[in-house]
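Notebook open. I wanted to look at how the chains meet, and then at a greasy stretch of surface.

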Amino acid sequence: MKKSFSYWLIYLALPIIVLAVWEGFDIAGRLKPYTMPAPMAIVDTTLDYIKNGKLWTNITVSFLRVLKGFGVGLAAGFLVGILSALFPKFEAFTDLVIQILRPIPPIAWIPLAILWFGIGEESKVFIIFLGAFFPIFLNTAEGVKSIDSKYFELAQVYEVPKPMLIWQIVIPGALPSIMTGIRLGVGNAWVCVVAAEMIGAVSGVGHMLSDGRSLSRPDIVILGMLIVGIVGKIMDDILKLIHKKLITWI
Amino acid sequence: MANIIEIKKLNKVFRSKENEVQALENIDLTIEEGSFVSIIGGSGCGKSTLLRVIGGLETDYEGEYLFDNAPVKGPSRDKGFIFQDHRLLPWLTVENNIRFSLPKEKKKDDALIRENLELVGLTGFEKSYPRQLSGGMAQRVAIARALANKPRILLLDEPFGALDAITRMNLQEQMLKIWHEEKITMIIVTHDIDEAVYLGGTVVVMTPRPGRIKRIQKVDLGTPRRRTGTPFTLARDEIYREFFSDAEIPIEYNI
Ligand SMILES: Nc1ncnc2c1ncn2[C@@H]1O[C@H](COP(=O)(O)OP(=O)(O)OP(=O)(O)O)[C@@H](O)[C@H]1O
Ligand SMILES: [Mg+2]
């Protein structure tokens, strides 16, 4: 669907108003550069970071960490989710541990992760893994459980072998819910990488934030925050698109 | 012809913590190969349960049930079952829904799929998803899916219950045509006396609590069958009387 001109006008109005007010404060001389820089200062910093290559390096470093942690979280969440939805005994076996671990925010694992793995890659990937695992696990299990049992009865009538049911009924039936889990998981993973990098890292977007603070450079901090927001939105947009391409039958 | 179904003194009780429901009591029923049988009765009289027993979906009962002279362990392709809902998998196209039901060695048999879609008048809808079909079309795909498996017997549980009168009559004609051409034994469960009399060469009348067979009536409407005229009216009136003698209320309210 093509959006109309007036839609884009409304869509962009708020960010433009915010920028205008911000700029207005600067012209009135109310901004102090060491707490709140002017919009143009941030543009300058951005250009600097593009020129010296730090912008791209930080984004790719963070993104690769997310990819690793999310990949492991997806595989584990998907597998454990399907197993616990299909086998009540497996669910009973894992339920208590999962329910107790679930409310612990991944960030609360950072101290332990650093003690276990040091401040290298592993500790960050581990935190991201935790962030991605739970939403994917929960939504996969929920999705499989919500499949109508009448489809399994149908499969019985046509003597469809059990292993085939996984591909033909379980996964497609749960796919909408799994995709919701994946979107939440990617969102969480991105939050986790920033948090983990703020505490101990020498690169990445999260490191940009803590670096900017210790250098008293709010422009760097704000640039880092904008990157987190923009990259997060782009990733979610891509996942929405994949969802649409993948689930064509609804 | 030989009997394809022999049921003797069959009882089925559903037990739960709170209560017991005798869904079927002392059912005796034999069905000849190649016949068309209607089962009719008010809601809750055990029609679906009886059909599920015949289809092998319900195996926990007392008494004897032989399909083709052998006991039944469970559902199978040769006992095609059409559920009240079409039960197509929403994520598969029409042709893949049929493919899903086929045995391994026939999964690639596109001609078989095409043939059966043609039989129910749905050529050209191979690539459609179930959501793109009307209720009647979806039910026809379900029928094509069952037929593609070359069943000995086709069991239909109120297959046209949710459809409008015109679509319903069209599908009844199609079922009769398929019955003539494919020579499959058919058993249809219905609420509708007209449907029961029009389709069934034999009409089995059931009554509830406990679910029993009250009467088995032969119907001969000649070939081809006609929805109007004396034989149809007479047969229908007789079935009507079965229900009115019980209670002075129409079947729809006989709950
Ligand atoms: N799975 C079940 N568990 C417990 N009771 C059941 C079950 N299935 C059916 N019954 C009971 O058995 C009786 C017969 O049910 P059945 O579904 O065979 O009736 P029916 O004649 O098909 O009714 P309807 O026309 O409404 O479909 C009912 O009293 C019902 O409550
Ligand atoms: Mg029923």
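Before counting, I fixed the term: a salt bridge is a side-chain nitrogen of Lys or Arg within 4 Å of a carboxyl oxygen of Asp or Glu. Also a reminder to myself that this is a predicted model.

**Entry 1: the A/B interface**

How many salt bridges are there between chain A and chain B? I got three. One I looked up pairs A:Lys150 with B:Asp85, and their closest N and O atoms are 3.2 Å apart. I then ran the polar-contact rule across the interface of chain A and chain B, and eleven residue pairs came out, both partners at pLDDT 80 or more.

Which elements give two or more residues to chain A's side of this interface? I found helix 7 (150-157) and helix 8 (162-199) of chain A. Helix 7 of chain A has the largest share of that side, with seven residues.

Next I took the overall contact: 18 residues of chain A touch 23 residues of chain B. The size of an interface is often quoted as the accessible area lost when the parts come together. For chain A and chain B, I noted about 2100 Å² buried, with carbon and sulfur atoms giving 63% of that.

**Entry 2: the nonpolar patch**

Then I went to the surface of chain A. A:Leu226, A:Ile230, A:Ile234, A:Ile238, A:Ile242 and A:Leu246 make a nonpolar patch of about 520 Å². I picked out A:Ile242, which sits in helix 10 (residues 218-246) of chain A. Why does A:Ile242 count as partly exposed? Because its relative accessibility is 37%, and partly exposed runs between the 20% and 50% cut-offs.

Terms used: Residues are numbered from 1 along each chain as its sequence is written. Chains are lettered from A and ligands numbered from 1 in the order in which they are written. This is a predicted model: local features need pLDDT of at least 70, side-chain atom pairs count only at pLDDT 80 or more; totals for chains, interfaces and linings use all residues. Side-chain values use heavy atoms; hydrogens and water are left out. Patches are made of residues with over 30% relative accessible area and no salt bridge: like charges are joined within 9 Å, nonpolar side chains (Val, Leu, Ile, Met, Phe, Trp, Tyr) within 5 Å. Accessible areas come from the Shrake-Rupley method with a 1.4 Å probe; for residues, only the protein chains shown count as cover. Helices (H or I, at least four residues) and strands (E, at least two) are DSSP runs, numbered from the N terminus. Buried means under 20% relative accessible area, exposed over 50%, partly exposed in between (1.4 Å probe, protein chains only). Contact means heavy atoms within 4.5 Å. Buried area is the accessible area (1.4 Å probe) that two parts lose on being put together, summed over both. A polar contact is a pair of N or O atoms within 3.5 Å; within protein, one must be able to donate a hydrogen and the other to accept it, and residues adjacent in sequence count only if both atoms are side-chain atoms.
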